[in-house]
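Colleague: Please pick one part of this model and take me through it closely. I would enjoy one connected account, with the cut-offs stated as you go.

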Amino acid sequence: GALDGVTAGFVPVVPYSASGQATVEAAVLLPSLMLVLAILLEPACLGYSLVVMRSAAAETARVALTNHGSDLDGCKAFALRRLAAVPDVPLFHVGGEEGWEVSVSSSGGRVEVGLRGHARPLPLLGAAMALAGRSDGRGVVLEARASEGLRPSWLGGSYASWQTIWD
């Protein structure tokens with residue numbers, strides 16, 4: 001009668017909508033997914049830098065072995081050209097061409113090449129590297145070394161004796 005189907009104290013039930021819940025779930029899930037993606041990609045970026053550095057060190061050592069002059073500055077320039085493959089992005093390398101330290105030394109048919117650079121990873125990996133002692137004031141230290149000999153230790157005889165085989 002008088003209330004026409006409305007009961008005193010009754011609160012009408014609004015139909016349930018899942019669209020608001022999906023928005024909240026996405027707001028939580030997307031940043032978490034991005035964090036996981038960053039954590040997975042960061043070591044890959046540092047690994048790429050190290051692979052390029054090791055390759056550049058080995059190639060520079062081979063070039064230095066065949067360098068018949070005593071000037072090793074050309075070998076350092078060669079190494080810097082190879083290191084240009086590392087993007088100048090803090091996650092890969094900091095400091096541009098001036099940020100690389102290249103050392104080339106030659107002594108008695110052996111060549112030693114050392115490459116050193118820095119990267120600035122995201123805070124989580126940066127803190128872990130600092131705890132491991134692989135960090136300094138400029139960032140995470142990336143190093144690569146290569147040592148090559150002109151003549152392998154297992155090879156006997158001299159160059160002259162090997163030439164006589166073919167005469």
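**A close look at the sheet and the loop before it**

Modeller: Gly114 stands opposite Arg145 in strand 4, and that pairing is a good place to start. Before going on, please keep in mind that this is a predicted model, in which local features need pLDDT of at least 70, side-chain atom pairs count only at pLDDT 80 or more, and totals for chains, interfaces and linings use all residues. Residues are numbered from 1 along each chain as its sequence is written, and side-chain values use heavy atoms, with hydrogens and water left out.

The sheet is open and has four strands in the order 1-2-4-3, with antiparallel pairing. Here two strands pair if DSSP finds at least two bridges between them; the elements themselves are DSSP runs, numbered from the N terminus, with helices being H or I runs of at least four residues and strands E runs of at least two. Strand 1 and strand 3 (135–136) are at the edges and have a single partner strand each, so one side of each has no neighbour in the sheet.

Strand 2 (residues 110–119) is joined to strand 1 by seven bridges, and the two run antiparallel. Val104 faces Val113 of strand 2, and Ser107 is set opposite Arg110 of that strand. The hairpin formed by strands 1 and 2 has two residues between the strands, and Gly108 takes a positive phi near 55° there. Towards strand 4 (residues 139–149), strand 2 makes ten bridges, again antiparallel. There, Leu115 has Ala144 as its bridge partner.

Strand 2 is also mostly covered, with seven of its ten residues buried. Buried means under 20% relative accessible area, exposed means over 50%, and partly exposed lies in between, using a 1.4 Å probe and protein chains only.

Now to the loop that leads into the sheet. His93 sits in the loop between helix 2 (73–83) and strand 1 (101–107). Why does His93 count as buried? Its relative accessibility is 2%, and the limit for buried is under 20%. Beyond its neighbours within four places in sequence, His93 is in contact with Val86, Pro87, Asp88, Gly99, Trp100, Gly117, His118 and Ala119, where contact means heavy atoms within 4.5 Å. A polar atom of the His93 side chain also lies 2.9 Å from the backbone oxygen of Gly96. For reference, a polar contact is a pair of N or O atoms within 3.5 Å; within protein, one must be able to donate a hydrogen and the other to accept it, and residues adjacent in sequence count only if both atoms are side-chain atoms.

Gly96 belongs to the loop between helix 2 and strand 1 and is buried at 15% relative accessible area. Its C-alpha atom is 9.8 Å from that of Leu83, which is 13 residues away along the chain.

The loop has an aromatic side to it as well. Rings of Phe, Tyr and Trp (its six-membered ring) pair if their centres lie within 6.5 Å; planes under 30 degrees apart are stacked, over 60 edge-to-face and the rest tilted. By that rule there is one aromatic pair. Tyr48 and Phe92 make up this edge-to-face pair, at 6.0 Å centre to centre and 90° between the planes. Because Tyr48 lies in helix 1 (residues 19–66) and Phe92 in the loop between helix 2 and strand 1, the pair ties together parts 44 residues apart in sequence. Phe92 is buried at 17%, while Tyr48, at 36%, is partly exposed.

Finally, here is the setting. The chain has four helices and four strands, running α-α-β-β-α-β-β-α from the N terminus. Of its 167 residues, 25% are buried. Among contacts between residues at least 6 apart in sequence, 61% join residues at least 24 apart. Cys45 is buried at 14% and Cys75 at 2%, and the structure holds zero disulfides, a disulfide being a pair of cysteine sulfur atoms within 2.5 Å.
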